[in-house]
Amino acid sequence: MKYNCVIQTADEEEVTIMIGKTKITGFANKGFDYSSGEKVNVEIEFFGDLIIKKNGIQEKKILYNGAYSYVICGILDVDDGLIKSEINFSIDRYYLYEYGYLDKEYVEIIVPRVDFYF
């Protein structure tokens, strides 16, 4: 999915962006030549094996988990390939094949790395 964001900080590979009121730090692996405060479009993808499990807490939030890793809490939409949280994220249907029983349920997804494509 593509999002409008504002660049907060950036170095050669690590970039922090704001989408609305949500701050996310990720890995920019295709070069980066934007400045802090600049408004740009970004595509966000999850890298690595996702861990998806039912969450007993019914809330939508994004929690920093160290490095470029996050725990994303929200509603899993298997049909549309989304996790609906503070921000809706696309999830490759490959990861959702085994999780049809969690469709429309509150889940927690552990994302090993968030990648940005500008």
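Which residues line the largest pocket? The legends below answer this question and then turn to other close-up views of the structure, which is a predicted model.

**View 1. The largest pocket and its lining residues.** The lining of the largest pocket consists of Met1, Glu43, Ile44, Glu45, Phe46, Phe47, Leu50, Ser90, Ile91, Asp92, Tyr95 and Asp115. The space within the largest pocket amounts to about 200 Å³. Strand β4 contributes the largest share of this lining, namely 5 residues. Sorted by class, the lining holds 7 nonpolar, 1 polar and 4 charged residues.

**View 2. The largest cavity and its nonpolar lining.** A search of the whole structure yields 1 cavity of 30 Å³ or more. The volume of the largest cavity is about 40 Å³. Around the largest cavity lie Ile24, Ile44, Phe46, Ile62, Tyr70, Ile72, Phe89 and Val114. Two or more of these lining residues come from β4 (39–47), and two or more from β7 (70–77). The lining of the largest cavity comprises 8 nonpolar residues, with no polar and no charged ones. Ile44 and Phe46 appear in the lining of the largest cavity and also in that of the largest pocket.

**View 3. The closed barrel and the pairing of β1 with β2.** Strands of a sheet pair through backbone hydrogen bonds, and the pairing may be parallel or antiparallel. In this model, 5 strands form a closed barrel in the order β1-β2-β3-β11-β4, and the pairing is mixed. From one strand to the next, the twist averages 55°. Strand β1 (residues 2–10) and strand β2 (residues 14–19) run antiparallel and are joined by 4 bridges. Thr9 has Thr16 of β2 as its bridge partner.

**View 4. The salt bridge between Lys61 and Glu59.** Side chains of opposite charge can pair when their charged atoms come close. Across the whole structure, the search finds 7 salt bridges. In one of them, the side chains of Lys61 and Glu59 meet at 3.1 Å, N to O. Lys61 has a relative accessibility of 24% and therefore counts as partly exposed. Glu59 is likewise partly exposed, because its relative accessible area is 31%.

**View 5. A salt-bridge network of Asp77, Lys84, Asp103 and Lys104.** Asp77 and Lys84 form a salt bridge in which the closest N and O atoms are 3.2 Å apart. With a relative accessibility of 3%, Asp77 lies below the 20% limit and so counts as buried. Lys84, in contrast, is partly exposed at 27%. A further salt bridge links Lys104 with Asp103, where the closest N and O atoms are 3.5 Å apart. Lys104 has a relative accessible area of 48% and is partly exposed, as is Asp103 at 24% relative accessibility. Through salt bridges that share partners, Asp77, Lys84, Asp103 and Lys104 are joined into one network.

**View 6. Gln58 in a loop, viewed together with Asp77.** Gln58 is placed in the loop between β5 (51–54) and β6 (61–64). The relative accessibility of Gln58 is 64%, which is over the 50% limit, so this residue counts as exposed. Asp77, by comparison, is buried. In sequence, Gln58 and Asp77 are 19 residues apart, and their C-alpha atoms are 15 Å apart in space.

How values were computed: Residues are numbered from 1 along each chain as its sequence is written. This is a predicted model: local features need pLDDT of at least 70, side-chain atom pairs count only at pLDDT 80 or more; totals for chains, interfaces and linings use all residues. Side-chain values use heavy atoms; hydrogens and water are left out. On a 1 Å grid over the protein atoms alone, a cavity is a set of points where a 1.4 Å probe fits but cannot get out, and a pocket is an open set with protein on both sides within 12 Å along at least five of seven lines; lining residues have an atom within 4 Å of a point. Grid points are joined across faces, edges and corners, and a volume is the space filled by probe spheres set on the points. Ala, Val, Leu, Ile, Met, Phe, Trp, Tyr, Cys and Pro count as nonpolar, Asp, Glu, Lys and Arg as charged, and the others, Gly among them, as polar. A salt bridge is a side-chain nitrogen of Lys or Arg within 4 Å of a carboxyl oxygen of Asp or Glu. Buried means under 20% relative accessible area, exposed over 50%, partly exposed in between (1.4 Å probe, protein chains only). Two strands pair if DSSP finds at least two bridges between them. Axes are lines fitted to C-alpha atoms, for helices over the stretch in contact, and angles run from 0 to 180 degrees between N-to-C directions.
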